[in-house]
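Student: I have a structure open and would like to learn how to read it. Could you walk me through it?

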Amino acid sequence: MKSCLIVDDSKMIRRVAGRILKDLNFTTGEAENGSQAMSVCKSTMPDAILLDWNMPVMDGLSFLKSLRQMPGGQNPVVVFCTAERNIERISEALDAGADEYVMKPFDSDIIESKFIEAGLI
Amino acid sequence: MGSVRSLESGYYEALRRLTLEIAGVKLGSNTDFLVETRLSALARQQGYSSLEALISELFTDGNTRLAVQVVSALLERDLRFFDDKAGFASLSKIIWPRISAAFAGDKIKILSYGCATGQDAYSLAMTLSDIEDAFPDLAPQAGFEVTAVDYPSRALARATAGRFTHFDVQRGLPARSLVKHFTRDGEDWVISDRLRKRITFQEFHLLSNPEPLGQYHLVVMRNALARYAPSAQMRILRSLAPALETGGYLMLGSREGLGDLNFGLDPVENCPGFYKRRATRYSEDEPTLSGAVSPAREAG
């Protein structure tokens with residue numbers, strides 16, 4: 001069973017995404033911001049990270065850049081999951097090392113499709 | 001669950017017969033919801049006061065264009081970009097290099113038969129355009145063009161516009177392809193002019209003879225055959241085969257096949273769903289329906 005860390009400041013989004021990912025056979029963990037996510041990754045690197053962009057303390061892009069510098073930080077598949085829909089922002093996320101990009105709102109079909117695209121399923 | 005029927009019961013059977021006659025597709029017996037939702041939307045779009053008013057004109061006035069629109073609305077499919085990735089992988093790695101080598105110097109002509117909302121045609125164009133960008137020396141010198149045909153319908157109008165919703169572009173389309181080949185316009189995503197210019201969308205009755213469309217190096221009809229009645233499958237395949245240039249390829253879905261039928265087409269080894277047209281024409285004595293591998297299943 002693969003693991004996925006859900007990083008989002010919205011409890012509701014974490015809950016909905018968690019339910020979808022459990023149905024896709026993932027074990028899930030949660031973090032409310034990039035800083036908490038860094039702590040989790042230092043302890044145990046997940047197989048995948050579903051990552052929000054705009055969060056307090058440390059945003060998703062800063063987290064992603066730091067993650068990719070960490071030992072083993074190249075390994076997790078990172079799927080951005082954000083309300084940001086500008087092409088420039090999507091390009092910025094991909095250039096920073098994101099593997100895929102989900103625009104909110106999402107449904108289970110979109111998450112599954114993007115996880116397949118990223119080679120996680 | 002209670003009945004959703006708002007029309008007299010005879011109309012539902014009449015609509016099933018109409019769909020079989022016009023498109024060769026057998027609707028399932030439980031299509032009331034489809035009729036109510038899709039045809040109510042069509043009635044609103046066409047300015048009818050109600051679904052009943054549309055149905056009344058359809059069956060009392062014999063409006064043939066409306067009949068085609070009704071059938072197209074009933075058969076509209078929910079498509080995804082790059083659906084069936086195995087087929088696109090075979091196309092990129094094996095079939096396209098062969099086509100480029102065999103028809104070097106020609107502009108490669110591709111026919112997307114039954115394009116619906118256009119995801120297949122655009123996925124093809126994205127795939128081939130990416131190959132051109134990455135390996136310019138291996139791409140056909142004169143480039144490629146896609147002709148995409150289907151019944152006149154709301155789906156074809158959407159395909160022609162090249163405009164997709166937030167949900168459409170997140171099903172099967174990699175984020176890098178979205179960034180490269182689309183621009184954002186309000187809440188929608190629009191295919192780039194560069195790709196849009198390479199595709200011609202055209203109204204066409206899929207059960208009619210495709211000879212006027214000309215000949216193609218690649219004909220694509222993916223994951224659609226199974227919805228047709230066996231006689232319609234035969235008719236489509238028999239008339240599509242001559243639309244291929246000798247040495248050209250037919251691309252079905254990677255889980256579809258011709259079975260014992262061949263229409264002058266040979267399966268391509270290690271490329272499920274691909275067939276190559278051989279030099280000699282097929283015989284009219286080809287085995288018939290009993291050999292069909294993709295049995296028609298009921299749509300709806």
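**Cysteines and chain B**

Tutor: Let's start with a cysteine: Cys41(A) is buried, with a relative accessible area of 4%. Buried means under 20% relative accessible area, exposed over 50% and partly exposed in between, using a 1.4 Å probe and protein chains only. This is a predicted model, where local features need pLDDT of at least 70 and side-chain atom pairs count only at pLDDT 80 or more, while totals for chains, interfaces and linings use all residues. Residues are numbered from 1 along each chain as its sequence is written, chains are lettered from A and ligands numbered from 1 in the order written, and side-chain values use heavy atoms, leaving out hydrogens and water.

Student: How many disulfides does the structure hold?

Tutor: A disulfide is a pair of cysteine sulfur atoms within 2.5 Å. Over all chains there are 0. For Cys41(A), the nearest cysteine sulfur belongs to Cys4(A), 10 Å away.

Student: Why is Cys81(A) not bonded to Cys4(A)?

Tutor: Cys4(A) has the closest cysteine sulfur, but at 9.9 Å from that of Cys81(A) it is too far for a bond. Cys81(A) also counts as buried, at 2% relative accessibility.

Student: What share of chain B is buried?

Tutor: By that cut-off, 56% of the 300 residues of chain B.

Student: And which contacts link residues far along chain B?

Tutor: Contact means heavy atoms within 4.5 Å. In chain B, 76% of the contacts with a separation of 6 or more join residues 24 or more positions apart. The C-alpha trace of chain B spans about 60 × 55 × 35 Å along its principal axes.
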